[in-house]
Amino acid sequence: MVFTTGMTGYQETLTDPSFAGQVITFTFPHVGNVGTNVEDLETTTPAARGLILRADITDPANWRSAKHLDSWLKANNIVGLCGVDTRALTRRIRAKGAPNGVIVNAPDGAFDLPALWGKAAGWPGLEGMDLARDVTCAQTYSWDETEWSLRGGYGRQAKPRFHVVAVDFGAKRNILRCLAETGCKVTVLPAEATAEQVLALEPDGVFLSNGPGDPAATGTYAVPMIQGVIKSGKPLFGICLGHQMLGLALGAKTFKMDTGHRGANHPVKDLETGKVEITSQNHGFVVDEKSLPAGVKVTHRSLFDGSVEGIAVDGKPVFSVQYHPEASPGPQDAHYLFERFVGLMEKRG
């Protein structure tokens, strides 16, 4: 059971593959007011286990709405619960960590509470769990869709300057759009791709996507791939889970946070420029700063708890961030990171 503080973007939240295995509590009470549509999906198959709301789902009042949120949830087989004191639940999670939970419907009102408690207690939790295999793509594919505009909707990248291989650990579509928008032809590979498979495509740069689960578990097969890419000298950019596994590949460690960071109002400081970005985040694990080896520097830091939000390797075109620059909470405070990645490819080319 986790909570997210975002006031908008509930459809993007529910379809973010990084929420695999989790029930989401929305702290904002009015959810449903913009409805749902086919354009704002971050993946075709939602991975979240369910949602909890304070009030009944709001009727849509937005020109882009194509379906009521309640109908969309039923169509996607996502269970939800309204009428819960989400403020109290959020305080419980903040004070004691993310608990296991079960959502059950019994029309006759008969609940076997001991059995339900046992089911919740028996769930192993996210530590040690590799969920990237559950949400990654089944096969390699190409991506050329660019960012959405008010007048034209989504566009197409017709004249790419660079070729980027994106390794999909649970990639959000808007990340791929941002890469295409900055002039990249994108080839997406499944999570278990090897360094040899990545480099055989002769990319100008390699991207490590976001995703769910324990980075140490996914890292058993992803870390050797990342180390091979680093050795090749190709520019490398990671986001969220990709950031955490880059840290592991460089010799650092990760650990599970008590509550994690989830929402669209997290302040992060760029230590090089001194600027503060308002960021979108969704992670329960973090890179342990004390374990970072020599030659790896912290580039961004959370102003909530001081945790690591970005790293870079001295003398190499390798960097990553913990937050989601594509999610536009600022709304574009962090889009420069995609330009930075392109800049590294330009310099190397």
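This passage walks through a few strands, helices, loops and side-chain contacts in a predicted model.

A good place to start is strand S10, which covers residues 205-208. Its side chains split two ways: Gly-205 and Phe-207 point to one side, Val-206 and Leu-208 to the other, and all of them are buried. S10 has strand partners too. With strand S8, residues 162-168, S10 pairs in the parallel sense over four bridges, and here Val-167 has Leu-208 as its bridge partner. With strand S11, residues 236-239, the pairing is again parallel, this time over three bridges. In that pairing Phe-207 is matched with Phe-237. The chain gets from S10 to S11 by way of helix H8 (residues 215-232), and the three elements make up a right-handed β-α-β unit.

Moving on from S11, the loop that leads to helix H9 holds Cys-240. This residue has a phi near 60°, a positive value in a residue that is not glycine. For background, most residues other than glycine have a negative phi. Cys-240 is also well out of reach of the probe: with a relative accessible area of 1%, Cys-240 counts as buried. Helix H9 itself, residues 241-249, is mostly covered, with nine of its nine residues buried. Among them are Leu-241, His-243, Gln-244 and Met-245. After H9 comes Gly-251, which has a positive phi near 110°.

Another positive phi turns up at Asn-77, at about 55°, and this residue is not a glycine either. Asn-77 sits in the loop between helix H2 (69-75) and strand S4 (79-81). Its relative accessibility is 74%, and because anything over 50% is called exposed, Asn-77 falls in the exposed class.

Some polar side chains are tucked away yet still have partners. Gln-281 belongs to strand S13, residues 276-287, and is buried, at 3% relative accessible area. Its side chain makes a polar contact of 3.0 Å with the side chain of His-261 and another, of 3.1 Å, with the side chain of Thr-279. His-324 offers a further case. This histidine lies in the loop between strand S16 (318-321) and helix H10 (336-348) and is buried as well, at 2% relative accessibility. A polar contact of 3.0 Å links the side chains of His-324 and Glu-326.

Then there are the charged pairs. The whole structure has 11 salt bridges, and a few of them are worth a look. In one, the side chains of Glu-39 and Arg-64 come together at 2.9 Å, N to O. Glu-39 is in the loop between strands S2 (23-26) and S3 (50-52), while Arg-64 is in the loop between S3 and H2, so this salt bridge ties together parts that lie 25 residues apart in sequence. Glu-39 is partly exposed, at 29% relative accessibility. Asp-40 joins in as well: Glu-39, Asp-40 and Arg-64 are linked in a network of salt bridges.

A second salt bridge joins Glu-346 and Arg-161, with their closest N and O atoms 2.8 Å apart. Here the pair links distant parts of the chain: Glu-346 is in helix H10 and Arg-161 in the loop between strand S7 (153-156) and S8, with their positions 185 residues apart in sequence. Both ends are partly exposed, Glu-346 with a relative accessible area of 42% and Arg-161 with 48%.

Glu-289 and Arg-301 give another example, their side chains meeting in a salt bridge of 2.9 Å, N to O. Glu-289 is found in the loop between S13 and strand S14 (296-302), and Arg-301 in S14 itself, so the parts tied together are 12 residues apart in sequence. Glu-289 is partly exposed, at 34%, and so is Arg-301, at 23% relative accessibility.

Last comes a bit of nonpolar surface. Val-102, Val-104, Phe-111, Leu-113 and Trp-117 form a nonpolar patch there, with about 470 Å² of accessible area together. One of these residues, Val-102, is in the loop between helices H3 (86-96) and H4 (113-122). At 34% relative accessibility, Val-102 counts as partly exposed.

Notes: Residues numbered from 1 in each chain as written. Predicted model: local features only at pLDDT ≥ 70, side-chain atom pairs only at ≥ 80, totals over all residues. Heavy atoms only, no water. Buried < 20%, exposed > 50% of the residue type's maximum accessible area, 1.4 Å probe, protein only. Pairing = 2+ DSSP bridges. Right-handed = clockwise from strand over helix to strand, strands pointing away. Patch = residues over 30% accessible without salt bridge, like charges linked within 9 Å, V, L, I, M, F, W, Y side chains within 5 Å. Areas by Shrake-Rupley, 256 points an atom, 1.4 Å probe, with all protein chains shown as cover. Salt bridge = Lys/Arg side-chain N within 4 Å of Asp/Glu carboxyl O. Polar contact = N/O pair within 3.5 Å; in protein donor to acceptor, adjacent residues only side chain to side chain.
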